[in-house]
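Reader: I have a chain in front of me and some labels to test. Can you take me through the reasoning behind each one?

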Amino acid sequence: MIPVDQCEDKEWILPTRTGGYASSTICGINARTYHGYLIIPLNPPHFRFLVLSKFDDFLILNHEEYPLSTNHYPGAYYPEGYKYLVKFEKNNSKVIWYYNFGYSEVKKLLLVHKGYNAITVNYNATKGRVKICPFITFRSHHIAKKAQNEFFTYDVISPNHIDILFEGKKILNLEIDEKFELINTGYWYYNFLYKLDQELGNNYIEDLYNPFCIVSLANRISVHAYVGEKPKSYTEEEHHHMDILKLLSTAGKDFVVKGKDGWAIIAGYHWFDEWGRDTFISLEGLLLIDGQFTIAEDIIFRYLKMKNKGMLPNNFLNYSGEPIYRGVDVSLWAINAIYKTYLYSRDKNFISKTYQDILEIIDWYSKGNGIIFNIDNLIFHKGSPRTWMDASYDGKVVTPREGAAVEINALWYNAVKIAEYISKELGENSDEFAEKAEKIRNSFVKKFVYENGLYDYIDWDMKPDASIRPNQIFAIALPFSVIDNKLMASKILSVVESKLLRPYGLSSLARGDPKYKPVYKGDRKSRDEAYHNGPIWPWLLGSYVDAKIKIENNPIEIKLLIEQFKPLITHAIENQGYISEIFDDIPPYKPRGCIAQAWSNAEVYRALVAISKI
């Protein structure tokens with residue numbers, strides 16, 4: 001038996017590669033608004049809705065009902081299926097529960113069908129029959145919902161096909177294999193408690209509707225639940241043992257989804273949607289390394305079509321997909337992704353098609369657009385938050401960094417050098433970019449370099465901020481490093497290693513800083529105050545390894561970096577191949593935030609591949 005108080009902290013997730021997913025905890029207790037058997041995108045891949053929360057399920061043996069499921073209500077867990085759970089298994093396409101009731105054993109398997117908004121749940125008992133009672137809702141995956149005037153009905157379309165309707169509109173298809181009896185119920189179940197949301201200060205009480213129960217007439221039964229296109233087959237994919245690189249590669253593909261407007265990358269499960277910055281940072285690790293050039297190019301072209309005064313979308317409105325322009329680094333990361341795509345594909349037609357877009361972005365960043373300002377060849381920005389350190393609550397921006405941010409200007413130099421490189425590849429005159437890049441470098445060194453490495457940003461009064469943060473790593477890690485002096489670069493790397501390098505990544509702020517908060521927990525205010533002020537970010541290890549490879553002369557030292565990744569490798573193996581968004585900066589380094597983050601997977605995978613090639 002797994003203790004019930006441990007169940008709600010141990011989560012699993014099965015992305016469908018549509019933007020949707022199935023997710024819960026190892027005992028089947030839903031502990032977040034984001035937990036459910038089937039979450040689907042209504043505006044693919046955006047606007048995700050929960051339609052099938054879970055099954056309350058039972059073994060019927062000798063006219064008695066024994067529970068498989070468990071729910072958390074205020075002050076109670078009921079029913080108590082967790083008491084019979086003896087083993088739980090998971091990979092990135094299925095989860096399996098094993099129950100022992102003494103006279104009978106039950107194996108329950110939940111499988112997602114990749115590329116479809118569809119799951120299958122199989123039950124196999126050694127003795128007895130199975131009773132399955134679906135819990136239905138229709139709401140955003142962000143917000144738990146109390147019963148109001150919702151009106152759910154169902155239609156029996158054929159002996160084994162049932163449609164679930166909300167306000168007269170079909171929201172879910174259920175198909176049942178094997179013979180069964182259908183028992184009409186029509187019950188509301190009140191006050192499901194979601195423990196993890198309660199801890200975060202979110203709304204955490206939910207009501208769910210049960211329209212009917214399905215009772216098998218034998219000891220086995222399968223229920224297929226889907227929305228939209230029916231899977232071509234319900235067969236289970238074979239999953240053999242994978243080494244860590246294969247595991248990370250396979251899990252990484254679950255962030256790559258096909259939306260109504262083309263391919264997209266989901267930034268993180270459960271709650272993140274598509275984000276431009278995360279997309280371009282993740283592109284190499286999720287797609288290029290494994291030769292998925294066409295998908296990578298499609299994503300790049302889709303974003304380039306949405307340029308607005310040189311800026312590319314930071315994210316999108318859920319219900320409409322309308323782009324939001326906020327990040328001043330997104331376009332610069334896009335240029336970096338274009339360069340990386342070309343290095344892998346050597347497709348000159350691709351860079352020829354993107355060349356004018358690159359020139360247009362460079363031009364807007366050179367002349368400014370009201371948000372971006374070019375002062376003494378450096379990029380300053382107004383408004384916040386506009387960098388990746390973008391936490392805010394109640395109108396307060398936690399890390400404003402308004403002015404000239406160190407990584408923005410490292411990316412700016414890198415983008416201009418890429419423009420120079422691509423111009424040469426296409427036989428165009430590149431002298432203008434070479435001259436511009438040299439001016440940027442000179443200004444950067446003059447403004448950012450100091451005895452402890454690089455300033456984090458320069459404010460609009462030209463006052464530098466000396467906070468020791470990982471953003472300075474990009475000045476030596478990007479393909480074209482704005483810091484080319486080996487001694488200076490080594491000093492920056494030494495600062496990062498001595499002040500920020502941790503077992504699970506780079507800390508977002510050095511210990512001892514007055515703003516330092518190592519633990520990400522509590523309500524929204526507490527979490528956002530900490531978000532970029534101490535917690536460890538695994539995605540930064542990709543750039544750390546890039547910098548190390550550039551500066552370290554001894555290949556054996558590079559190979560030894562694999563030791564740095566052992567905690568993350570263990571974490572990924574235990575977490576279906578996924579890597580969490582952040583970790584606390586104090587032992588036991590508890591994972592926090594999204595349980596599966598695109599750039600964590602992508603950059604750790606990319607870094608391990610780079611080390612393996614040394």
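Author: Start with a definition. Accessible areas come from the Shrake-Rupley method with a 1.4 Å probe. On that basis the chain exposes about 23,500 Å². Carbon and sulfur atoms supply 50% of that area. Keep in mind that this is a predicted model.

Reader: What makes the chain as compact as a globular protein of its length?

Author: First, the content: the chain has 16 helices and 38 strands. Then set the radius of gyration against the globule rule. The rule is 2.2 Å times the number of residues to the power 0.38. For 614 residues it gives 25 Å, and the chain has 26 Å; the two are close, so the chain is as compact as a globular protein of that length. The C-alpha atoms fill a box of roughly 85 × 45 × 45 Å along the principal axes.

Reader: What share of the chain's residues is buried?

Author: The cut-off is under 20% relative accessible area. Of the 614 residues, 61% are buried.

Reader: What share of the contacts joins residues at least 24 apart?

Author: A contact means heavy atoms within 4.5 Å. Take the contacts between residues at least 6 apart in sequence: 65% of these join residues at least 24 apart.

Reader: How far apart are the mean positions of the positive and negative charges?

Author: They are 1 Å apart, for 72 positive and 75 negative charges.

Reader: Why is strand E2 called largely enclosed?

Author: E2 covers residues 21-25, and five of the five are buried, so the rest of the structure largely encloses the strand. Both faces are covered. Tyr 21, Ser 23 and Thr 25 are buried on one side, Ala 22 and Ser 24 on the other.

Reader: How do you know that E1 and E2 pair?

Author: Pairing needs at least two bridges. Strand E1 (residues 11-15) and E2 have five, and they run antiparallel. One of the bridge partners is Ser 23 in E2, which is matched with Ile 13. The two strands form a hairpin, with five residues between them. Arg 17 in the turn has a positive phi of about 65 degrees.

Reader: What makes E2 and E3 count as a pair?

Author: The requirement is again at least two bridges. E2 and strand E3 (residues 36-43) have two, in the antiparallel sense. Here Ser 23 stands opposite Gly 36 in E3.

Reader: Which peptide bond involving Tyr 78 is cis?

Author: The bond that joins Tyr 78 and Pro 79, where omega is about -10 degrees. Pro 79 is in strand E7 (residues 76-80). The bond from Pro 587 to Pro 588 is also cis, with omega near 5 degrees. Pro 588 lies in the loop between strands E36 (582-583) and E37 (591-592).

Reader: Why is Asn 191 called partly exposed?

Author: Partly exposed lies between the 20% and 50% cut-offs. Asn 191 has 31% relative accessibility, so partly exposed is the label. The residue lies in strand E16 (residues 180-193). Its phi is positive, about 65 degrees, although Asn 191 is not a glycine.

Reader: And Gln 576: why is this residue called buried?

Author: Buried means under 20%. Gln 576 has 4% relative accessibility, so buried is the label. Gln 576 is found in the loop between helix H15 (566-574) and E36. Gln 576 is not a glycine either, yet has a positive phi of about 65 degrees.

Note on methods: Residues are numbered from 1 along each chain as its sequence is written. This is a predicted model: local features need pLDDT of at least 70, side-chain atom pairs count only at pLDDT 80 or more; totals for chains, interfaces and linings use all residues. Side-chain values use heavy atoms; hydrogens and water are left out. Helices (H or I, at least four residues) and strands (E, at least two) are DSSP runs, numbered from the N terminus. Buried means under 20% relative accessible area, exposed over 50%, partly exposed in between (1.4 Å probe, protein chains only). Lys and Arg count as positive and Asp and Glu as negative; His and the chain ends are not counted. The place of a charge is taken as NZ of Lys, CZ of Arg, CG of Asp or CD of Glu.
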